[in-house]
Amino acid sequence: MEERNYEQIRKQDAAPPAGSMMESLRDLGYSTEAAVSDIIDNAIFAKATTVWINFIWDGNKSRIVFKDDGNGMFEEELIQAMRPGSQSPASARDLSDLGRFGLGLKTASLSQCRMFTVISKKKSESLTFWRWDLDYVTSPKTEGWTILNVAEKGDIELIEEMDQGTLVSWDYLDRIIELNKKKYTEDYFYLVAEKVKRHIEMVFHRYLETGKLKIIFNDIPVKAWDPFLRGETATQPFPEEIMENGSIKIKAYILPHRSKLDESVWIDNEQREGGWDALQGFYIYRNERLLLAADWLGITRKKSHYKLARIMIDLPNNVDHEWQIDIKKSRARPPLTLRPQLKAIAMSVVTQAEQIFRHRGKQIQRSLTGDFSFVWKEIVKDGRYFFRINLEHPVIEKLLNELPDKKKEIQKLLKIIEETVPGPAIIAKENEFPDNMLKPFEKTADIEIISLMKELAVGWKQQGMSDELIKRRLLMTEPFSDYQQLIETLDYE
Ligand SMILES: Nc1ncnc2c1ncn2[C@@H]1O[C@H](COP(=O)(O)OP(=O)(O)OP(=O)(O)O)[C@@H](O)[C@H]1O
Ligand SMILES: [Mg+2]
């Protein structure tokens, strides 16, 4: 770049008025949950092992208080931390730093409240505190970018009794409760608290899972919520893929079909924001902290049939600019050069996720497998398709043989069932609510399956069939073929 000479030019100070600038900083668009997460980020980087968060309802004096047992700040450090733009976004950061802009503490706090106070204590040092008060900064009688040396007595005591740590308190929560209203709604305040708690269960789940961090929210430990359900045996992980020489890692997961999940797990996902359909997509992490959840990044639209696909992307903190990380740490956009590879991964994952979703995983094509005993047979006649009950299916055959004098009646009954199968209704329902359809025997206890298999096996044994053959035949008979484990352990002596 050409060398510019500033010496000859007349200059004029154009510093922003503090009051209006601080008011503007409030409006970066933080949600309460994003603002809370920003404060937790700072505690994590200060090596805190525990963060306490309290939403304290007290009408228009309600407050939110954060406390951590991290390594705290000296007074000069705290004053520096209180400055908007305390550190340049261009400067290199420690690899474990969750910060970038030198703004989070200020912008996140002011997005929710009119006054915030920080009290901090380093090991074997006395504590220090400073406060930003918007009402003071914007008052016509006061001037400049001024912080105040005051703090609540109760808050000071909380830090005094600790070895080290930092407390951030938010007062006059004008963005959460309407301060000038006579009637405040406590219910709404705690509704916001609940939403925040659910959000941090997800955003910090990798810290919470490993025990690196504990978060105590209104006296209750926050549990991790893993979007990839990695604790479920039926979750299918893909091999990890790497990009940019290994600095970026991608790992896809296909979550289990509803029939393979405990109902409570299914409901838990359904009750999270947007439910199952909304939770599909990429999850972008920066230093294991979730930035962006459930977004296909414009690669595909969200479709009900893709709902079991969730893909983890891991970023380090030195690609913030390329990925367009924002101050709120709630946006990320992949660089154009990486999009084709991300698209290839996403499309392969959603295709497979769709198959699991339609539980076609191991379904055998009826017309192609001669030895296999289906309950229903597909038949084509004069170019028209229909389904008939397979009278040679071992269970039906056995029944017919055992009741020779009722054979005709049973056959008539089966005929009525065949002719009245509500095919169109089943197809319509399957299309409309594919994940609400029960799978065969999904609600039947194993006991029933076992007793049916046993009856067959005993009969075959009496006919002189070997144990080996009995097992093989059960494996080739619907619906027992789905219960390989029960077949292995079946006792029919
Ligand atoms: N709980 C805390 N314990 C110790 N130091 C803290 C704490 N919170 C903030 N700090 C210090 O204050 C500085 C400013 O924090 P702030 O959140 O405003 O910016 P940042 O974390 O550097 O970047 P970003 O804007 O991306 O969050 C931090 O860099 C850190 O040094
Ligand atoms: Mg920060």
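Biologist: How many nonpolar, polar and charged residues does the shell around ligand 1 have?
Modeller: The shell around ligand 1 has 8 nonpolar, 9 polar and 4 charged residues, where Ala, Val, Leu, Ile, Met, Phe, Trp, Tyr, Cys and Pro count as nonpolar, Asp, Glu, Lys and Arg as charged, and the others, Gly among them, as polar. This is a predicted model, in which local features need pLDDT of at least 70 and side-chain atom pairs count only at pLDDT 80 or more, while totals for chains, interfaces and linings use all residues. Residues are numbered from 1 along each chain as its sequence is written, with chains lettered from A and ligands numbered from 1 in the order in which they are written.

Biologist: Which of the 21 residues around ligand 1 come nearest?
Modeller: N42, A46, A81, G99 and G104 come nearest among the 21, a residue being near if its C-beta atom, placed from the backbone, lies within 6 Å. Helix 2 (32–45) and helix 4 (104–112) are the elements that give two or more residues to this shell.

Biologist: Why is helix 2 called roughly parallel or roughly antiparallel to helix 4?
Modeller: The two axes, lines fitted to C-alpha atoms, come within 9 Å and cross at roughly 150 degrees. Angles under 35 degrees count as roughly parallel, over 145 as roughly antiparallel, 65 to 115 as roughly perpendicular and the rest as oblique, and helix 2 is therefore roughly antiparallel to helix 4. T32, A35, D38, I39, D41 and N42 of helix 2 make the contact with G104, L105, A108, S111 and Q112 of helix 4, with contact taken as C-beta atoms within 7 Å.

Biologist: What makes helix 15 and helix 16 parallel or oblique to each other?
Modeller: Helix 15 (residues 446–462) and helix 16 (residues 467–475) pack at an angle of about 140 degrees, their axes 10 Å apart. That angle is not over 145 and lies outside 65 to 115, so helix 15 and helix 16 are oblique. In this contact, M453, A457, W460 and K461 of helix 15 meet I470, R473 and L474 of helix 16, which by class gives 5 nonpolar, no polar and 2 charged residues.

Biologist: How do you know that strand 1 and strand 6 pair, and in which direction do they run?
Modeller: Two strands pair if DSSP finds at least two bridges between them; 4 bridges join strand 1 (residues 50–56) to strand 6 (residues 214–217), and these strands run parallel. One of the partners of strand 1 residues is F217, bridged to I53.

Conventions: Axes are lines fitted to C-alpha atoms, for helices over the stretch in contact, and angles run from 0 to 180 degrees between N-to-C directions. Two residues are in contact if their C-beta atoms, placed from the backbone, lie within 7 Å.
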